Amino acid sequence: MSRTSMRVVIALFSLLAIATACYAKKEALPFPDPSVDATKATAKGKQTMVIAGGCFWGIQAVFQHVKGVISATSGYSGGDAKTAEYEVVSTGNTGHAESVQVVYDPSQITYGQLLKIFFSVAHDPTELNRQGPDTGTQYRSSIFYNSDEQKKIAEAYIAQLDQAKLFSSPIVTKVVPLRAFYTAEAYHQDYATRHPESPYIMFNDAPKVAHLREQFPNLYTGK
């Protein structure tokens, strides 16, 4: 996927200032652990969460570097199967959000810990229908829960973060039921890893992975 030259220019010249200010605030105010969370499993297994927070390249890149994550796959959620194609989703009229399906081992990391990473380094949850240079409902912040427990943990953590006033604006992340997840086209998968010198990746997504390494050294993996 190629971004328009205008988006690259925005990423190069304006997003750095916005992102730097945003992350500076996050580093100054440590993120709390979720007060409501799942209990870490006693045996290895597989559980899944689906999240959306801007272009899926960056979200995928972050969670691919989290210990306990088995896989992170770019895709689409929120709309119908017949419109789960990038060119159609890009119109912003499908109901889909660029999303990432994270498969993880609950004996190594909990759902709440993954949400902590999602809110603190993976995206800015106060931006409505946009992230950085990307605008439209397909770039909205959402948590697609697949169980009552996931819904409970996500809603409680959003309330906890809002009460802690870690952001200058309220969190706009929507917690909605997962209808389906549709895997994105092959050229979107592992995009940040395969295109590290892309200006978009350098200025939008590489800093997210760097903040993961800095803020969560015990959960970061260089794989």
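## Asp 80 and its partner

Asp 80 is partly exposed, with a relative accessible area of 36%. This is a predicted model, and in it the side chain of Asp 80 meets that of Arg 179 in a salt bridge, at 2.8 Å from N to O. Asp 80 belongs to the loop between β2 (69-77) and α3 (86-89), while Arg 179 comes from the loop between β7 (174-177) and β8 (181-183), so the bridge ties together parts that are 99 residues apart in sequence. Arg 179 itself is exposed, at 58% relative accessible area.

## The chain as a whole

Stepping back for a moment, the chain runs to 223 residues, and 51% of them are buried. Its secondary structure consists of seven helices and eight strands. If you look at contacts with a separation of 6 or more, 82% of them come from residues 24 or more positions apart.

As for the outside, the accessible surface of the chain is about 10100 Å². Carbon and sulfur atoms own 55% of that surface.

## The other salt bridges

How many salt bridges does the structure hold? There are three. Side chains of opposite charge can pair when their charged atoms come close. Besides the Asp 80 pair, Lys 116 bridges to Asp 33, with the closest N and O atoms 2.7 Å apart. Here Lys 116 sits in helix α4 (residues 111-122) and Asp 33 in the loop between α1 (5-28) and β1 (47-53), so this pair links parts that are 83 residues apart in sequence. The two ends differ in how much they show: Lys 116 is buried, with a relative accessible area of 13%, whereas Asp 33 is exposed, at 51%.

Then there's the bridge between Lys 208 and Asp 205, where the closest N and O atoms are 3.8 Å apart. These two are three residues apart in helix α7 (residues 199-215), which puts about one helical turn between them. Are they buried or exposed? Lys 208 is buried, with a relative accessible area of 10%, and Asp 205 counts as buried too, at 2% relative accessibility.

## How α2 sits against α7

Helix α7 also packs against helix α2 (residues 56-63), at an angle of about 30° and with the axes 9 Å apart. An angle under 35 degrees counts as roughly parallel, so that is the label for α2 and α7. The crossing of α2 and α7 is right-handed.

Which residues make the contact? On the α2 side they are Trp 57, Gly 58, Ala 61 and Val 62. On the α7 side they are Tyr 200, Ile 201, Asp 205, Lys 208, Val 209 and Leu 212. Asp 205 and Lys 208 will be familiar from the salt bridge above, and here they turn up again in the contact with α2.

## Lys 67 and the far end of the sequence

Past α2, in the loop between α2 and β2, you'll find Lys 67. Lys 67 is partly exposed, with a relative accessible area of 39%.

What does Lys 67 touch, leaving aside residues up to four places away in sequence? The answer is Ile 109, Asn 218, Leu 219, Tyr 220 and Thr 221. Gly 222 makes a nice distance check as well: Lys 67 and Gly 222 are 155 residues apart in sequence, yet their C-alpha atoms are 9.2 Å apart in space.

Terms used: Residues numbered from 1 in each chain as written. Predicted model: local features only at pLDDT ≥ 70, side-chain atom pairs only at ≥ 80, totals over all residues. Heavy atoms only, no water. Helix = DSSP H or I, 4+ residues; strand = E, 2+ residues; numbered from the N terminus. Buried < 20%, exposed > 50% of the residue type's maximum accessible area, 1.4 Å probe, protein only. Contact = heavy atoms within 4.5 Å. Areas by Shrake-Rupley, 256 points an atom, 1.4 Å probe, with all protein chains shown as cover. Salt bridge = Lys/Arg side-chain N within 4 Å of Asp/Glu carboxyl O. Axes fitted to C-alpha atoms, helices over the stretch in contact; angles between N-to-C directions. Parallel < 35°, antiparallel > 145°, perpendicular 65-115°, else oblique. Left-handed = near helix turned anticlockwise from the far one by under 90°.
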